[in-house]
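Reader: I am new to this structure and would like a close look at a single part of it. Please take one sheet and go through it slowly.

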Amino acid sequence: MSKPDLFDSVPGEVAALMREFDWSRSTLGDPSAWPQSLRALVSFMLHLKFPMFITWGEGLAFLYNDAYAEVLGAKHPAALGQPFQQIWAEIWHDVEPLARRALSGEAVYRENLPLLMRRKGFDEQTWFTFSYSPVYDETGVVRGVGCTCIETTRTVLAERHQEEENERLRMLFKQAPGIMAVLRGPEHVFEHTNEAYLDLVGERDLIGKPVRIAIPDAAGQGFFELLDRVYTTGEPVVGRAAPLRVRRGSDGSLELRYVDFIYQPFRNPAGLVDGIFVEGSDVTEAVVALQELRKTEDWLQDGLAAGRMVAWEWSLAADEIRYSSNASEVLGYSTTRVDENWQYMVPEDAPRLRAAIDEALRTRGSYRDLGRRISPATGRVMWIEQRGRVITDAQGEPVAVRGINVDVTERISAENELKEASRRKDVFLAMLAHEIRNPLAPISTAAQLLRLAGSDTRRVAQAGDIISRQVRHLTELVDDLLDVSRVTRGQVELEMALVDIKSTVHAAIEQSRPLIETRHHVLSTRMEADHAWVKGDRTRLVQVVVNLLNNAAKYTPQGGQLDLSVHVHSGEVKICVSDNGSGIEPELLPHVFDLFTQGERTPDRSQGGLGIGLALVKSMVGLHGGRVEAFSDGPGKGATFEVVLPLAQADPADRPATGPSAGPDTRPARILVVDDNVDAGESLSALLEAEGHQVLVLADAAGALARADEYRPDVFILDIGLPDMSGFDLARALRARPVHARATMVALTGYGQPHDRVLSRAAGFDHHLVKPADLERLNYILTHRAYG
């Protein structure tokens with residue numbers, strides 16, 4: 001073994017290893033025979049403090065320095081002289097393309113290559129940036145690869161941490177309760193907005209648009225001019241309770257809002273104004289409340305004219321009080337003796353009023369107090385707002401106290417009701433989020449299951465069932481919300497006809513049966529033999545009974561007893577649904593039919609709810625001229641709900657026909673689906689083709705008009721919100737062509753309000769379905785279509 005002078009003068013561990021290394025085991029051979037170019041590179045590398053390695057020759061023998069030994073970790077020192085691809089076999093798929101390019105004479109690098117290193121006995125994830133260069137011999141031929149590297153672990157981790165921090169800040173920005181927006185450039189282009197800002201100006205597309213184009217309704221109100229000034233001068237602007245008229249709703253009308261805002265300029269690295277940060281608050285409620293308070297104070301100054309006010313004056317010398325003539329009517333007393341007045345106060349409130357009066361007398365000032373009084377005339381507890389002002393003589397000594405008492409009982413009651421309504425709203429919003437997330441979780445899981453199922457038909461069917469059930473549940477939630485919206489706005493349309501209550505109840509039982517069976521309840525029914533006819537909307541009446549049955553099933557622990565009975569008496573039909581479930585607390589019982597009211601859920605409830613079912617029941621029953629009541633002996637003692645409807649005198653000739661109807665036509669249909677949502681169109685096509693139909697899917701109205709005459713579909717299924725032409729206009733254009741005059745046209749859309757259906761009929765549609773499509777309803781339409 002030779003010890004060439006190449007390594008003699010080089011310090012370091014690797015140089016020492018090279019001096020002692022048996023080079024006969026390496027493809028490089030004895031260092032004394034190495035080319036001068038290789039010897040110079042090795043000498044340079046061993047003196048270099050940066051990590052570096054060299055590969056040389058056909059076997060790409062591996063040489064490195066002390067700094068690179070740390071990168072090798074446990075591979076050092078065995079890596080010395082070994083083939084390059086053998087040393088880094090685990091990442092060779094990343095390294096080999098770079099090495100090949102360097103061997104071809106190209107200098108390349110790889111940034112932030114992940115590398116699992118073993119340091120101090122532990123595996124550690126690291127990142128390195130490598131620079132690969134070709135290594136030439138004396139003849140100019142590439143003989144190997146030279147590589148320097150630097151560890152970038154800290155940089156990579158810092159960037160990741162910064163990105164996480166940026167994401168956290170973005171979420172804080174988005175969810176901040178105050179209005180926030182970032183505007184860029186002299187045109188004030190929207191770069192970011194948060195939810196509060198969108199709530200202020202109405203849901204609209206802002207990002208990427210100049211403010212004058214994005215919110216044209218704010219023109220002429222001074223806001224644009226202030227933005228220009230801030231951008232030009234670089235000075236911030238603060239606004240307080242500034243009036244802003246903006247279109248927030250869909251009706252196009254301007255709504256007056258009040259905002260506190262700050263326009264804060266921000267600058268680029270050169271120090272020039274680059275944009276404006278907008279922050280503030282929608283203070284409309286506070287401004288309106290303050291305006292109302294000021295009005296109230298003005299009215300109080302006018303005394304009796306405002307009503308339910310009593311003027312009084314207390315003479316300190318005589319210790320007597322004089323009231324206005326309406327004191328007995330408002331307060332229930334009008335005694336002149338001051339000490340008698342105190343006996344009508346609720347004892348807990350008296351010390352506070354005494355202290356306020358004493359302080360006013362001491363400071364020669366005024367006071368204001370809100371306390372409870374008991375009317376001796378009626379025993380009614382009243383909330384009385386008392387204001388007093390000390391009157392002084394010429395020497396500044398108190399001689400009297402003058403003021404007014406205002407009966408604010410109704411106001412306090414209203415405020416309490418508003419607080420309760422706000423609390424129920426918050427509970428409802430939390431419940432809505434919970435109820436929507438519940439079906440989204442299994443839908444997401446089922447989607448993953450479908451992706452992994454492959455040809456496993458059982459898994460595919462299982463996932464399909466899960467998605468169908470959960471979409472149905474989501475649809476029911478949306479339908480309930482739409483129903484309560486229509487009810488509160490008085491837009492419910494009933495299709496009145498003679499309805500057999502027994503048939504209605506049976507239909508409701510069938511709809512509720514899956515939930516009842518899932519919770520292992522026993523349902524007992526008792527119905528009188530005769531038919532009971534009422535005048536009403538059968539679908540809505542089925543909905544009433546379904547809501548009562550589902551409510552009983554949900555609030556009854558598993559394995560419970562449910563009872564349903566129908567009785568006819570004195571011109572009325574009574575439907576009773578009882579359970580032995582969790583019952584209703586006495587304080588909740590009067591409010592069970594209020595919107596967004598719910599009792600405590602049983603621990604095993606698998607179904608949720610939004611607290612609107614019973615409110616809908618009461619509204620629907622009321623629209624049918626009936627009434628509904630709830631009864632319970634308390635928690636754990638079950639509950640009973642009774643619906644009473646007026647009977648209708650039904651002539652046999654007026655009763656709905658029950659004879660046989662024509663059977664469906666099962667011939668496959670030629671169907672043209674037009675939907676710009678590619679996933680929606682393709683998935684619907686797959687379902688229809690699975691039923692044996694022939695389907696053509698197009699994404700726009702122009703394509704449909706171009707292909708329809710040639711394709712000659714039996715059925716058109718059209719989305720309404722198409723990019724180039726509305727579904728209504730497309731339907732009219734197709735109907736105008738004789739070849740499609742008898743085709744069946746189905747509107748499939750997310751719009752399901754009554755006026756949307758009217759527009760569909762006017763455009764020539766035969767049917768109006770709301771997304772997601774009810775496949776049973778769609779199959780019925782296809783098997784009962786008209787043939788041309």
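How many bridges join strand S11 (residues 309–315) to S12, and do they run parallel or antiparallel?

Author: The model is a predicted one. Four bridges join S11 to S12, and the two strands run antiparallel. One residue pair can be named here: Trp314 has Ile321 in S12 as its bridge partner.

This pair of strands belongs to an open sheet of five strands. Their order is S12-S11-S15-S14-S13, and the pairing is antiparallel. Strand S12 (320–323) stands at one edge and strand S13 (366–374) at the other. Each of these two has a single partner strand, so one side of each is left without a neighbour in the sheet. From one strand to the next, the twist averages 25°.

A helix also belongs to this picture. Helix H13 (residues 350–363) packs on the sheet. The strands that H13 touches are S11, S13, strand S14 (381–392) and strand S15 (398–407). The direction of H13 makes about 160° with that of S13.

For contrast, here is a part with parallel pairing. Strand S25 (residues 715–718) and S26 run parallel and are joined by four bridges. In this pairing, Val715 stands opposite Thr744 in S26. Together with helix H21 (residues 727–735), S25 and S26 make a right-handed β-α-β unit. S26 is also joined to strand S27 (residues 767–770), again by four bridges, and these two run parallel. There, Thr749 of S26 has Val770 in S27 as its bridge partner.

Strand S26 (residues 744–749) is mostly covered, with six of its six residues buried. In a regular strand the side chains alternate between the two faces of the sheet. In S26, Thr744, Val746 and Leu748 are on one side, while Met745, Ala747 and Thr749 are on the other. Both faces are covered, and the residues on each side are all buried. Thr744 and Thr749, named above for their places opposite Val715 and Val770, are thus on opposite sides of S26.

A last item concerns two helices. The axes of helix H16 (residues 501–518) and helix H17 (residues 538–554) come within 8 Å and cross at roughly 40°. That angle makes H16 oblique to H17. The crossing of H16 and H17 is right-handed. Among the residues that make the contact are Ala507, Ala508 and Leu515 of H16, and Val542, Val545 and Leu549 of H17.

Terms used
Residues are numbered from 1 along each chain as its sequence is written. This is a predicted model: local features need pLDDT of at least 70, side-chain atom pairs count only at pLDDT 80 or more; totals for chains, interfaces and linings use all residues. Side-chain values use heavy atoms; hydrogens and water are left out. Buried means under 20% relative accessible area, exposed over 50%, partly exposed in between (1.4 Å probe, protein chains only). Two strands pair if DSSP finds at least two bridges between them. A crossover is right-handed if, with the strands pointing away from the viewer, the path from the first strand over the helix to the second runs clockwise. Axes are lines fitted to C-alpha atoms, for helices over the stretch in contact, and angles run from 0 to 180 degrees between N-to-C directions. Contact means heavy atoms within 4.5 Å. Angles under 35 degrees count as roughly parallel, over 145 as roughly antiparallel, 65 to 115 as roughly perpendicular and the rest as oblique. A crossing is left-handed if the near helix is turned anticlockwise from the far one by less than a right angle, and right-handed if clockwise.
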